[in-house]
Amino acid sequence: MSDLIRLVYASKATFCDQHIGARHQVVDQIIRDAQYQNRAHGITGVLCFDNGHFFQALEGEREAVEALYDNILEDSRHADVWLLWKRPVNQRLFDRWSMKYINVDAYIHRILERERLDQFEPHRFSDPLVEELLESIKISEARPETPLEAPVRWLSRQEAQSRWQPSFFLTGFAAMLALLIGLALAGFL
Ligand SMILES: Cc1cc2nc3c(=O)[nH]c(=O)nc-3n(C[C@H](O)[C@H](O)[C@H](O)COP(=O)(O)O)c2cc1C
């Protein structure tokens, strides 16, 4: 008989003194290793990283999840690992995700604001809040898992600027064109 459990914990990253690119590389590596290893051990779940904190849900057979959590407790890339939630479950919430990286987006922030948490601090999450967040993440399941081959993309400041500039010029050009048409229609040109 299956002995399925879900375990959720919060922790603090220990590499936040590094520059942003290096931080993102560490998280990227954790996710890619996790996706690879979890497939082999029948583990599924989600991982959020924001504000220097991790929030992770692991689901699978009790023995596999507990062995993984023992490893995670020993991992020097984070500290203050707090167990938030651990229960037997009838079915997985995240059966399609070996370990999906979740951005703490505006929707999650709205839930946190309602709880008077202006920052992502999972150590302060109550039981019902953990459940609500996991349910809301589950609803976003339509998004595909970041494939192993394609690392999570983090835009550097330069990349972000170079993506932004063309749209800036296009907007400027459209505004100028609209102005000229307006002047022509008004008989000034
Ligand atoms: C925040 C965080 C989340 C992690 N999540 C997973 C995970 O989901 N699966 C996994 O196998 N390892 C995960 N790891 C890595 C483990 O801590 C550990 O390095 C790994 O299980 C070692 O596996 P090995 O002994 O088979 O090499 C995570 C590490 C951190 C810091």
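# Talking through the fold and the ligand shell

Visitor: Hi! Which element gives the most to the shell around the ligand?

Guide: That would be α1, which contributes five residues to the shell around the ligand. Keep in mind that this is a predicted model.

Visitor: Noted. How many residues surround the ligand, and which are the closest?

Guide: The ligand is surrounded by 15 residues, and the closest are Ala34, Gln37, Asn71, Asp75 and Arg77. The elements that supply two or more residues to this shell are α1, β3 and α2, the last of these spanning residues 62-73.

Visitor: And how does the shell divide into nonpolar, polar and charged residues?

Guide: There are seven nonpolar residues in the shell around the ligand, together with five polar and three charged ones.

Visitor: Let's zoom out. How many helices and strands does the protein chain have?

Guide: It has five helices and five strands. Starting at the N terminus, the elements of the protein chain come in the order β-α-β-β-α-β-β-α-α-α.

Visitor: What is the order of the strands in the sheet?

Guide: The sheet is open, with five strands in the order β4-β1-β3-β2-β5, and its pairing is mixed. β4 and β5 are the edge strands, each pairing on one side only. From one strand to the next, the twist averages 20°.

Visitor: Mixed, OK. In what sense do β2 and β5 pair, parallel or antiparallel?

Guide: Parallel, over three bridges. Within that pair, valine 46 has lysine 100 of β5 as its bridge partner.

Visitor: And how many bridges join β2 to β3?

Guide: Seven, and those two strands run antiparallel. One example is threonine 44, whose bridge partner in β3 is glutamate 59. As background, strands of a sheet pair through backbone hydrogen bonds, and they can do so in either the parallel or the antiparallel sense.

Visitor: What about the turn there? How many residues sit between the strands in the hairpin of β2 and β3?

Guide: Two residues, and asparagine 51 in this hairpin takes a positive phi near 55°.

Visitor: Where do the helices go? Which strands does α1 lie across?

Guide: α1 lies across β2, β3 and β5, and it runs at about 170° to β2. As for α2, it packs on the sheet and touches β1, β3 and β4, with its direction making about 155° with that of β3.

Visitor: Now the inside. How many residues are in the largest nonpolar core?

Guide: The largest nonpolar core has 25 residues, and Val46 and Ala57 are those with the most contacts inside it. Two or more of its residues come from each of β1 (4-13), α1 (20-41), β2 (44-50), β3 (53-61) and α4 (127-139). β1 provides the largest share of this core, with five residues. In general, nonpolar side chains of soluble globular proteins tend to be buried together.

Visitor: Val46 again! What is valine 46 in contact with, leaving aside its neighbours within four places in sequence?

Guide: Its contacts are Gln56, Ala57, Phe94, Trp97, Lys100, Ile102 and Ile137.

Visitor: How covered is β2, then? How many of its residues are buried?

Guide: Five of the seven residues in β2 are buried, and the strand is mostly covered. Across the protein chain, buried residues make up 22% of the 189 residues.

Visitor: Any other backbone oddities? What is the phi of aspartate 80?

Guide: Aspartate 80 has a positive phi of about 50°, although it is not a glycine. Most residues other than glycine have a negative phi. Aspartate 80 lies in strand β4, and arginine 116, with a positive phi near 60°, lies in the loop between α3 (106-114) and α4.

Visitor: Why does arginine 116 count as exposed?

Guide: Because it has 7 C-beta neighbours inside 10 Å, and a residue is exposed if that number is 12 or fewer. Aspartate 80 is partly exposed, because 13 other C-beta atoms lie within 10 Å.

Visitor: Last one: where is leucine 83 found?

Guide: Leucine 83 is in strand β4, residues 78-88. It counts as exposed because it has 11 C-beta neighbours inside 10 Å. Its C-alpha atom is separated by 8.9 Å from that of histidine 123, and these two residues are 40 residues apart along the chain.

Key
Residues are numbered from 1 along each chain as its sequence is written. This is a predicted model: local features need pLDDT of at least 70, side-chain atom pairs count only at pLDDT 80 or more; totals for chains, interfaces and linings use all residues. A nonpolar core is a set of buried Ala, Val, Leu, Ile, Met, Phe, Trp, Tyr and Cys residues joined through C-beta atoms within 7 Å. A residue is buried if 20 or more other C-beta atoms lie within 10 Å of its own, exposed if 12 or fewer, and partly exposed in between; C-beta atoms are placed from the backbone. Helices (H or I, at least four residues) and strands (E, at least two) are DSSP runs, numbered from the N terminus. Two residues are in contact if their C-beta atoms, placed from the backbone, lie within 7 Å. A residue is near a molecule or strand if its C-beta atom, placed from the backbone, lies within 6 Å of it. Ala, Val, Leu, Ile, Met, Phe, Trp, Tyr, Cys and Pro count as nonpolar, Asp, Glu, Lys and Arg as charged, and the others, Gly among them, as polar. Two strands pair if DSSP finds at least two bridges between them. Axes are lines fitted to C-alpha atoms, for helices over the stretch in contact, and angles run from 0 to 180 degrees between N-to-C directions.
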